[in-house]
Amino acid sequence: MCAVAKTAYSIKTGRLEAFSDGVLAIIITIMVLEMSAPEGYTFKALKPCYRLF
């Protein structure tokens, strides 16, 4: 494989990786914003929020 073709292939792959990273970041952000804060400050108070997602 010549150097020009290899560079073009890595550019296409890099754009796909950046797009999928962006989509994943948006999904995680939405999931975190949907979580509510627990009432207490212990792990026992956090347990009901654990199964939310």
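Buried residues account for just 2% of the 53 residues in the chain. The model is a predicted one, and its secondary structure is quickly told: two helices and zero strands. As for surface, the chain exposes about 5,300 Å², and 69% of that comes from carbon and sulfur atoms.

Part of the surface forms a nonpolar patch of about 470 Å². The residues behind this patch are L16, F19, V23, I27 and M31. One of them, I27, sits in helix α1, which covers residues 3–34. I27 has a relative accessibility of 44%, so it counts as partly exposed; the cut-offs here are under 20% for buried and over 50% for exposed.

Helix α2 takes in residues 43–50, and L46 belongs to it. With 38% relative accessibility, L46 lands in the partly exposed class too, because that class lies between the buried and exposed cut-offs. L46 can also be placed relative to S36: the two are ten residues apart in sequence, and their C-alpha atoms lie 9.9 Å apart in space.

Put together, the predicted model pairs a 2% share of buried residues with a nonpolar patch on its surface, and both I27 and L46 come out as partly exposed.

Methods
Residues numbered from 1 in each chain as written. Predicted model: local features only at pLDDT ≥ 70, side-chain atom pairs only at ≥ 80, totals over all residues. Heavy atoms only, no water. Helix = DSSP H or I, 4+ residues; strand = E, 2+ residues; numbered from the N terminus. Buried < 20%, exposed > 50% of the residue type's maximum accessible area, 1.4 Å probe, protein only. Areas by Shrake-Rupley, 256 points an atom, 1.4 Å probe, with all protein chains shown as cover. Patch = residues over 30% accessible without salt bridge, like charges linked within 9 Å, V, L, I, M, F, W, Y side chains within 5 Å. Salt bridge = Lys/Arg side-chain N within 4 Å of Asp/Glu carboxyl O.
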